[in-house]
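Here is a friendly walk through one protein model, written for someone who likes to check each residue on screen. Please keep the viewer open as you read.

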Amino acid sequence: MYYKVAGASQFLAITGSGIDDVKLAKKAFIWPFQRCTVFDITPVNYDFEVQAMSAEKLEFKLPAVFTIGPREDDSDSLLRYAKLIAPKDRNSVHVREIVKGIIEGETRVLAASMTMEEVFKGTKQFKQEVFGKVQLELNQFGLVIYNANIKQLVDVPGHEYFSYLGQKTQMEAANQAKVDVAEARMKGEVGAKLREGQTLQNAAKIDAETKVVKVQREGQGQKEEMRVKTEVKVFENQREAEVAEANADLAKKKAGWAKEAKVAEVESAKAVALRDAELQREVEKMNAATRMEKLRAEFVSKANVEYESKVQEANWELYQKQKEAEAILNSKIKEAEAKKATAEAEFYARKLAADGDLYAKQKEAEGQEALGKAQGEYLKSISTALGGDNRAVKDFLMIDRGVYQEMGRINAEAVRGLQPKLNIWNTTNETGGGAGGGDASSSAVREVAGIYRALPPLFQTIYDQTGMTPPPYMGMLPQTQTAVTPPQILGSLALPSGNVVPNNNS
């Protein structure tokens, strides 16, 4: 016997005498005929590279690292681990193959039901589903996943899906960046040009308004100012012409000096003569240019004055037209706003009318519903009073509502003015007897005789109502109709018994 104590991350699995199955403890006395095994519950990292295939039959590798260990907070799971896994080394090939088989099997099954795009985009969901399915299988071994990390999906040689997808994404990003840069540049340039145009337009508008005001208020003073500006411009042009002439002379002299230095030894005499001719020509050209500039300054100054005057007049007309157009636009806007307000008011009035109609119809429907309920209660009370006899209820309602009276009135109206002829006759035997009146044969004869007695008044009635006469073999009507007389039947009716029944009209 000895006393055994387990470490902080260890448990004692005791079997043997006095123990039915396995006893787990942190410390215990080990008695004779008992065996104690110490097992560690520290989680272990398992590094795998699962090769799976998607629904499109595309192969890929799924590198993953799982941190797996026994579930210490559940005694049943810890007992299963002590029985199934603890006897083996946690880092042994056997334990590793068990864990790897579970992970690879569940991962392949799940990946086969998903497309590559779903696996790639839903990595988090894919990871959670894999963990859930793997955890269900590890529960039977008493193991739990403490942590798991799925690394980046890797292509299988010959199936470079992710590399092509990355290249596609890079190209799309690069093209989109180019498009964004070009669009930003376009917006910047367009915005700059737009601002410049607006600035120039506003400046031109302000200048035009200022000039118009100056022209209206200053009058002759502006003309004097324009004359002074013209003289200053002419003087400036003259000074510029002189400076340009001096610069030209200097340049020409420098060129001449350079040329003379180069050809002085060879063509000194010719160069002097040529130089004199050139200088003379230049003098004439400068004189002509000076005269030309003077004439140009005079005409240009006058043209500028006229141009500015025309421009000011055109600007004033343009300003007036713009103001008129703005006034027309404002009036149109006000008119449109008024029409809009009118339309809104009509719409609101129609809406109120429609709401009123709807409310009235709702109240009418409620009244009809209440009337129907009241009539139902009324009929129910009548039916109860009449003992549930529906026929009696119908007769009562028809009498109460005057249906029978109305039917009689309608029938009376129908026969009014027809003046019907009514014939009443009696076919009974007034004598009350005859030959053999007591037996059955006499009764049958009387019945036949009664039928023959009914024929004459019937023929007379048909004649009175329709004007039709009976055929000759059935009888004849009298020629003179002074009174309503039944037709006479020729001859007598011979009865089987030998009795003769005369034609008696009743």
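What follows covers salt bridges, a short helix, an unusual loop residue and a cavity.

This is a predicted model, in which local features need pLDDT of at least 70 and side-chain atom pairs count only at pLDDT 80 or more, while totals for chains, interfaces and linings use all residues. Residues are numbered from 1 along each chain as its sequence is written, and side-chain values use heavy atoms, with hydrogens and water left out.

**Salt bridges**

Side chains of opposite charge can pair when their charged atoms come close. A search of the whole structure finds 10 salt bridges (a side-chain nitrogen of Lys or Arg within 4 Å of a carboxyl oxygen of Asp or Glu). Among them are the three in this table.

| Pair | N to O distance | Location |
|---|---|---|
| Lys187 and Glu183 | 3.5 Å | helix α5 (residues 161–218) |
| Lys252 and Glu282 | 1.9 Å | helix α6 (residues 220–263) and helix α7 (residues 268–385) |
| Glu326 and Lys323 | 3.9 Å | helix α7 |

Helices here are DSSP runs (H or I, at least four residues), as are strands (E, at least two), and both are numbered from the N terminus. Lys187 and Glu183 are 4 residues apart, about one turn of α5. Glu326 and Lys323 are 3 residues apart in α7, again about one helical turn. The Lys252 and Glu282 pair, with its closest N and O atoms 1.9 Å apart, links distant parts of the chain that are 30 residues apart.

How accessible are these side chains? Lys187 is exposed, with a relative accessible area of 53% (exposed means over 50%, buried under 20% and partly exposed in between, with a 1.4 Å probe and protein chains only). Its partner Glu183 is partly exposed at 35%. Lys252 is partly exposed at 29%, Glu326 is partly exposed at 36%, and Lys323 is partly exposed at 36%.

**Helix α8 and its ends**

Next, look at α8, which spans residues 390–400 and has Val393, Leu397 and Met398 buried. These three lie on the same side of α8 because they cover an arc of only 130° around the axis, taken from the directions from the helix axis to the C-beta atoms. At the N-terminal end, Asp389 acts as a cap, with a side-chain oxygen 3.2 Å from the backbone nitrogen of Arg391. After α8 comes Gly402, whose phi is positive, near 75°.

**An unusual loop residue**

Which residue has a positive phi although it is not a glycine? It is Phe33, with a phi of about 65°. Phe33 sits in the loop between β4 (27–30) and β5 (34–40), where Phe33 is exposed, with a relative accessible area of 75%.

**The cavity**

The structure holds 1 cavity of 30 Å³ or more. The largest cavity has a volume of about 60 Å³. On a 1 Å grid over the protein atoms alone, a cavity is a set of points where a 1.4 Å probe fits but cannot get out, and lining residues have an atom within 4 Å of a point. The volume is the space filled by probe spheres set on the points.

The largest cavity is lined by 11 residues, and Tyr46, Ile68, Gly69, Tyr81 and Leu143 lie nearest its centre. Strands β6 (44–53) and β7 (59–70) each supply at least two lining residues, and β7 gives the largest share, 3 residues. The lining divides into 8 nonpolar, 2 polar and 1 charged; here Tyr counts as nonpolar, and Gly as polar.

Technical notes
Polar contact = N/O pair within 3.5 Å; in protein donor to acceptor, adjacent residues only side chain to side chain. 1 Å grid on protein atoms, 1.4 Å probe; cavity = no way out; pocket = protein on both sides within 12 Å on 5 of 7 lines; lining within 4 Å.
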